[in-house]
Amino acid sequence: MKPLLLAFPPTGFIPDGVLDVSAPSATPLAEPPAAPPVVCLHWTVANGGNWAALAQLLLARGRVVVTPTYGERGTAPLADNRAEVTRIVRRTLELTGADRVDLVGHSQGGLLAGLVVADALDDDIVRRVICL
């Protein structure tokens, strides 16, 4: 029997223009975006590249897009994924100068989006959650 990650190889690609918030050398935007950045959260055994089609559509509409791969492709313990996604959201706000983000999540990504909202309820850093 293959380990789970070998049974489901990574797919997709990260389009040019997607903000890489995991890079220590990431450069902050010169000015905050007109609309909140969109953080797309993948499902278990997926990766940020699975959001390529949506990312391209959003980028074409002038949105700032973040498509991270978190938690060993979502196979890490849920508590670890929750903490990592919360850091990703806060790093997105830091780099963009935005006050809030929009979260899009599929499967585990949708669950994590809801948990981020619960974690940051008093901070009002999430404008919208879309679960697929």
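**How the terms fit this model**

Modeller: Let's start with a single pair: valine 101 has valine 126 in β4 as its bridge partner. Keep in mind that this is a predicted model, where local features need pLDDT of at least 70 and side-chain atom pairs count only at pLDDT 80 or more, while totals for chains, interfaces and linings use all residues. Residues are numbered from 1 along each chain as its sequence is written, and side-chain values use heavy atoms, with hydrogens and water left out.

Colleague: How do you know that β3 and β4 are joined, and which way do they run?

Modeller: Strands here are DSSP runs of E with at least two residues, and helices are runs of H or I with at least four, both numbered from the N terminus. Two strands pair if DSSP finds at least two bridges between them. β3 and β4 (residues 126–131) have five bridges and run parallel, so they count as a pair.

Colleague: What makes the crossover from β3 to β4 right-handed or left-handed?

Modeller: Picture the strands pointing away from you: a clockwise path from the first strand over the helix to the second is right-handed. Here the chain leaves β3, passes through α5 and arrives at β4, and this β-α-β crossover is right-handed.

Colleague: And how do you know that β1 pairs with β2 and with β3?

Modeller: β1 and β2 (residues 65–66) share two parallel bridges, with valine 38 partnered by valine 65 in β2. From β1 the chain goes through α2 (residues 52–60) to β2, in another β-α-β crossover that is right-handed. β1 and β3 run parallel too, over four bridges, and cysteine 40 has valine 104 in β3 as its partner. Put together, the open sheet of four strands reads β2-β1-β3-β4, with parallel pairing.

Colleague: What makes β2 and β4 stand at the edges?

Modeller: Each has a single partner strand, so one side of β2 and one side of β4 have no neighbour in the sheet.

Colleague: Why is aspartate 102 called buried?

Modeller: Buried means under 20% relative accessible area, exposed means over 50%, and partly exposed is in between (1.4 Å probe, protein chains only). Aspartate 102 has 4%, so buried is the right word. This residue is placed in β3 (residues 101–105).

Colleague: What makes the side chains of aspartate 102 and arginine 127 a polar contact?

Modeller: A polar contact is a pair of N or O atoms within 3.5 Å; within protein, one must be able to donate a hydrogen and the other to accept it, and residues adjacent in sequence count only if both atoms are side-chain atoms. The two side chains come to 2.6 Å, so the pair fits. Leaving aside neighbours within four places in sequence, aspartate 102 also has contacts (heavy atoms within 4.5 Å) that include Pro36, Val39, Arg63 and Arg128.

Colleague: Why is arginine 73 called buried?

Modeller: Arginine 73, in helix α3 (residues 71–74), has a relative accessible area of 11%, so it falls in the buried class. Its side chain reaches the backbone oxygen of valine 45 at 2.7 Å.

Colleague: How about asparagine 81: why is that one buried?

Modeller: Asparagine 81 is at 0%, which puts it in the buried class. This residue is found in α4 and touches, among others, Tyr70, Gly74, Gln108 and Leu112.

Colleague: What makes the buried residues of α2 lie on the same side?

Modeller: The buried ones are Ala52, Ala55 and Leu58. They cover an arc of only 125 degrees around the axis, which puts them on the same side of α2; the arc is that of the directions from the helix axis to the C-beta atoms. These buried residues pack against β1 and β2, while the face turned away carries the exposed Ala53 and Ala60.

Colleague: Which residues touch the most other members of the largest nonpolar core?

Modeller: A nonpolar core is a set of buried Ala, Val, Leu, Ile, Met, Phe, Trp, Tyr and Cys residues joined through side-chain atoms within 4.5 Å. In the largest one, with 24 residues, those are Val39, Val89, Val101 and Leu103. α4 gives the most to this core, with five residues. Apart from it lies another core of eight residues, including Val18, Val38, Ala55 and Leu58.

Colleague: Which way do Val38 and Val39 point from β1?

Modeller: Val38 and Cys40 point one way, Val39 and Leu41 the other, and all are buried. In a regular strand the side chains alternate between the two faces of the sheet.
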